[in-house]
Amino acid sequence: MRLAHKVAIITGAAAGIGAATAELFVKEGAQVVVADRDFEKAQAVAQRLGDSALAVAADVSKSADVQAMVNAAVERFGALDILVNNAGYGCLGSVVTTDEQAWDDLMGVDLKGVFLCSKYAIPHLAKRGKAAIVNLASTISVVGIKDRAAYVAAKGGVAALTRAMALDHIEQGIRVNSVAPGVVASSYFDKMIAEHPDPEAFKKWNDSRAPIGRPGQPAEIAQMILFLASEESSFATGAMFTVDGGYTAW
């Protein structure tokens, strides 16, 4: 019960890493807000987790939604100890081929969302004395990848913002770290594989992107998030922890 008596908000928690993290947090004793733009899926996750979970509809790119999300957490559970900024997505394109609106929309969720959620959560986190923020960055924060300009820029920003936040709020007892997953099994990649002209060859290539020879599982990333949210990582702040099956060690 590493998170006993803790209250956490997890964004993008209707599926994938977010849902796996919500499930793990509840198992470890936390009360969790399952936040997502897709309220029906968020509600399904929360119902599966029982009375320790609350589903909230929230678009993290919108200030009003974020404030309502934070207020809902405090009203339901009485406090806030942990924020997991997980919401995010990617899009194809170089700086030349990426549509301007697509760029703005992605930045709104992947980077501005971290800013807004942290902005409104930190006053409540500071009241608890020992609090944690975990931001989801990516291996492409440091190595780059072709044809993902907006996503690479946003996740690089998340990594940098993590360091700034760690220094700004250390005296308030708030630790801020980021997790950088590599390729993780998801419905997004399942869809890409299914739509590829040669699904078997594409899946083989995707699986081979990391030396370990397979994609990561959401539950494996959730374990690192748990570590950073718990007091087990009490000396860690301002750092990025890579969980990528050796991808960045090539």
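I began with helix α9 (residues 218-229), which lies across β4, β5, β6 and β7. I noted that α9 runs at about 165 degrees to β6. The model I am reading is a predicted one.

I then looked up helix α5 (residues 112-125) and found it lying across β1, β4, β5 (131-136) and β6 (174-181). Its direction is at about 180 degrees to β4.

Next I traced the sheet. It is open, has seven strands with parallel pairing, and follows the order β3-β2-β1-β4-β5-β6-β7. β3 and β7 (240-243) are at the edges with a single partner strand each, so one side of each has no neighbour in the sheet. On average, neighbouring strands are turned by 20 degrees against each other, direction ignored.

I checked two of the pairings. Strand β1 (residues 7-11) and strand β4 (residues 82-85) are joined in the parallel sense by three bridges, and Leu83 in β4 is the bridge partner of Ile9. Strand β2 (residues 31-36) pairs with β3 in the parallel sense over five bridges, with Asp36 opposite Ala57 in β3.

I also looked at burial in β3 (residues 53-57): four of its five residues are buried, so the strand is largely enclosed by the rest of the structure.

Last, I took up helix α4 (residues 100-110) and helix α6 (residues 149-169). Their axes come within 10 Å and cross at roughly 25 degrees. The cut-off for roughly parallel is under 35 degrees, so α4 counts as roughly parallel to α6. The crossing is right-handed. On the α4 side I listed Trp103, Leu106, Met107 and Asp110; the α6 residues include Tyr151, Lys155 and Val158. The contact residues divide into nine nonpolar, no polar and two charged.

Definitions and conventions. Residues are numbered from 1 along each chain as its sequence is written. This is a predicted model: local features need pLDDT of at least 70, side-chain atom pairs count only at pLDDT 80 or more; totals for chains, interfaces and linings use all residues. Side-chain values use heavy atoms; hydrogens and water are left out. Axes are lines fitted to C-alpha atoms, for helices over the stretch in contact, and angles run from 0 to 180 degrees between N-to-C directions. Helices (H or I, at least four residues) and strands (E, at least two) are DSSP runs, numbered from the N terminus. Angles under 35 degrees count as roughly parallel, over 145 as roughly antiparallel, 65 to 115 as roughly perpendicular and the rest as oblique. A crossing is left-handed if the near helix is turned anticlockwise from the far one by less than a right angle, and right-handed if clockwise. Contact means heavy atoms within 4.5 Å. Ala, Val, Leu, Ile, Met, Phe, Trp, Tyr, Cys and Pro count as nonpolar, Asp, Glu, Lys and Arg as charged, and the others, Gly among them, as polar. Buried means under 20% relative accessible area, exposed over 50%, partly exposed in between (1.4 Å probe, protein chains only). Two strands pair if DSSP finds at least two bridges between them.
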